[in-house]
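The following exercises invite the reader to examine a structure step by step. Each task is followed by a worked solution.

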Amino acid sequence: DVDVDVDGDGSSGEWKLVRANAGGTIRVEGGRLPDIGYKVFRTSAIYKASPERLFNVVFSSETLNASDKNFKLVEEKATIGSSYDVVYRQINAVGPVSARELLLVRHWRRYKGGYAGAHTSVEWKEVPVGRGHVRAYAPAGCGIVIVPADDERKTSRMITIESTDFKGWLPRAVLDMTLGPQLLKYYEETVPSMLARYTPDKLPDEEVAKYVARLFGSSKEEG
C-alpha cells in the first residue's frame, strides 16, 4: 500500500515526504525543529468522522486503552485545572524497539472549528518507571490538531507532530527508518479500526458531546 519513500531528513528546515498511502490521503513527513536533535514526524490524514468523534477516539485515555493495540496500558494519573492532565502510557515493542513508557503532561484547546492537543514528557516521583520498561522522552512541541474538512463536519483532517527520544542503545538512524512505516500503518490501519469500533451505535453522539463538554466546557476558540 506504500507508494512513496523519499530520501532526505528535512535538515534544511523543510518537511520531506517519508511515506504516503496509495490514495494520498495520509502523508508522513520528516523534518527538524530547533532544539530537538532528532527527526520530527508530521502526519496529515483525512477521516470520515466528525472532529468531535475523532478527537474523542484518539485523545481519550479510555478509548486508547481499550482499542489502540500500540499501547499495553494508558492511564490518566491526574488532572490539572480544566485543560491539563497527566497521562501514563506503556508502549508495546515495535520492530527493534523494545517496550517503552511515557509520562506526559497534556494540554487541550479549541482551534479553528476543531480541537488541538499538545503534550510533553514530565518526571513525577508518584509514577516511577515500570518494571521491564525504558522511559522515553517526548519534547515540547508534539501534539495533534483535528479540524473539519467539510462544512457539514462529517469529515475531519488530523495533523500530528510526533518526536520521541526512545533512549536505549539503538542508533537513531535505525529508529527513524522504523518509525516512518510504523506511523503510516498507525494512521492507515489503527485509527480506522478504532473509528470502526466506536461507531454511533456503540459510542452515541450524546456521549461524544459529553466528552467534549467535559474537556472544553465554555472555552473560547483559539487560532
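## Exercise 1: The first hairpin

Strand S1 and strand S2 (residues 26-31) run antiparallel and are joined by four bridges. The model under study is a predicted one.

**Task.** Determine which residue of S2 is the bridge partner of Arg19, and establish how many residues lie between S1 and S2 in the hairpin.

**Solution.**
1. Locate S1, which covers residues 16-20. Four of the five residues of S1 are buried, and the strand is mostly covered.
2. Follow the pairing from Arg19 into S2: the bridge partner is Val28.
3. Trace the chain from S1 to S2. Five residues lie between the two strands of this hairpin. In the turn, Gly24 has a positive phi of about 75°.

## Exercise 2: Pairing around S10

**Task.** State how many bridges join S3 to S10, and find the residue of S10 that stands opposite Val147.

**Solution.**
1. Begin with S3 and S10, which run antiparallel and are joined by seven bridges. Within this pair, Tyr47 has Ser156 of S10 as its bridge partner.
2. Turn to S9 and S10. These strands are also antiparallel, with six bridges between them. The residue of S10 opposite Val147 is Arg157.
3. Inspect the loop between S9 and S10, where Arg153 is found. Arg153 is not a glycine, yet its phi is positive, at about 60°.
4. For comparison, look at the loop between S6 and S7, which holds Lys112. Lys112, likewise not a glycine, has a positive phi of about 50°.

## Exercise 3: Buried or exposed?

**Task.** Decide whether Thr43, Arg153 and Ala93 are buried, partly exposed or exposed.

**Solution.**
1. Recall the cut-offs: a residue is buried under 20% relative accessible area and exposed over 50%, with partly exposed in between.
2. Thr43 belongs to strand S3 (residues 40-47). Its relative accessibility is 2%, so Thr43 counts as buried. Beyond its neighbours within four places in sequence, Thr43 is in contact with Ile26, Arg27, Val28, Met158, Ile159, Thr160, Glu162 and Tyr187.
3. Arg153 has a relative accessible area of 28% and is therefore partly exposed.
4. Ala93 sits in the loop between S5 and S6. With 53% relative accessibility, Ala93 counts as exposed. Neighbours within four places in sequence aside, Ala93 is in contact with Ser98 and Ala99.
5. Finally, compare sequence and space for Ala93 and Phe71: they are 22 residues apart in sequence, and their C-alpha atoms are 9.2 Å apart.

## Exercise 4: The core and helix H1

**Task.** Identify the helix that supplies the largest share of the largest nonpolar core, and explain why H1 is described as largely enclosed.

**Solution.**
1. The largest nonpolar core has 45 residues. Those touching the most other members are Tyr47, Leu54, Phe55, Val58, Met158, Tyr187 and Val191.
2. Helix H3 (residues 172-197) supplies the largest share of this core, namely nine residues.
3. Consider Val191. Apart from neighbours within four places in sequence, Val191 is in contact with Tyr47, Leu54, Val58, Met158 and Tyr186.
4. Now examine H1. Nine of its nine residues are buried, so H1 is largely enclosed by the rest of the structure. Among them are Glu52 and Arg53 as well as Leu54 and Phe55.

## Exercise 5: Two pockets

**Task.** Find the element that gives the most residues to the lining of the largest pocket, then do so for the second largest pocket.

**Solution.**
1. The largest pocket has a volume of about 960 Å³. Its lining consists of 42 residues; nearest the centre lie Phe71, Arg89, Glu162, Leu183 and Tyr186.
2. H3 gives the most to this lining, with ten residues. Other elements that supply at least two residues include helix H1 (51-59) and strand S5 (84-91).
3. By class, the lining of the largest pocket holds 21 nonpolar, twelve polar and nine charged residues.
4. The second largest pocket has a volume of about 310 Å³. It is lined by 21 residues, and the closest to its centre are Ser60, Glu62, Tyr211, Arg214 and Leu215.
5. Here H4 gives the most, with five residues. This lining comprises six nonpolar, eight polar and seven charged residues.

How values were computed:
Residues numbered from 1 in each chain as written. Predicted model: local features only at pLDDT ≥ 70, side-chain atom pairs only at ≥ 80, totals over all residues. Heavy atoms only, no water. Buried < 20%, exposed > 50% of the residue type's maximum accessible area, 1.4 Å probe, protein only. Pairing = 2+ DSSP bridges. Core = buried A, V, L, I, M, F, W, Y, C linked by side-chain atoms within 4.5 Å. Contact = heavy atoms within 4.5 Å. 1 Å grid on protein atoms, 1.4 Å probe; cavity = no way out; pocket = protein on both sides within 12 Å on 5 of 7 lines; lining within 4 Å. Points joined across faces, edges and corners; volume = space filled by probe spheres on them. Nonpolar A, V, L, I, M, F, W, Y, C, P; charged D, E, K, R; others polar.
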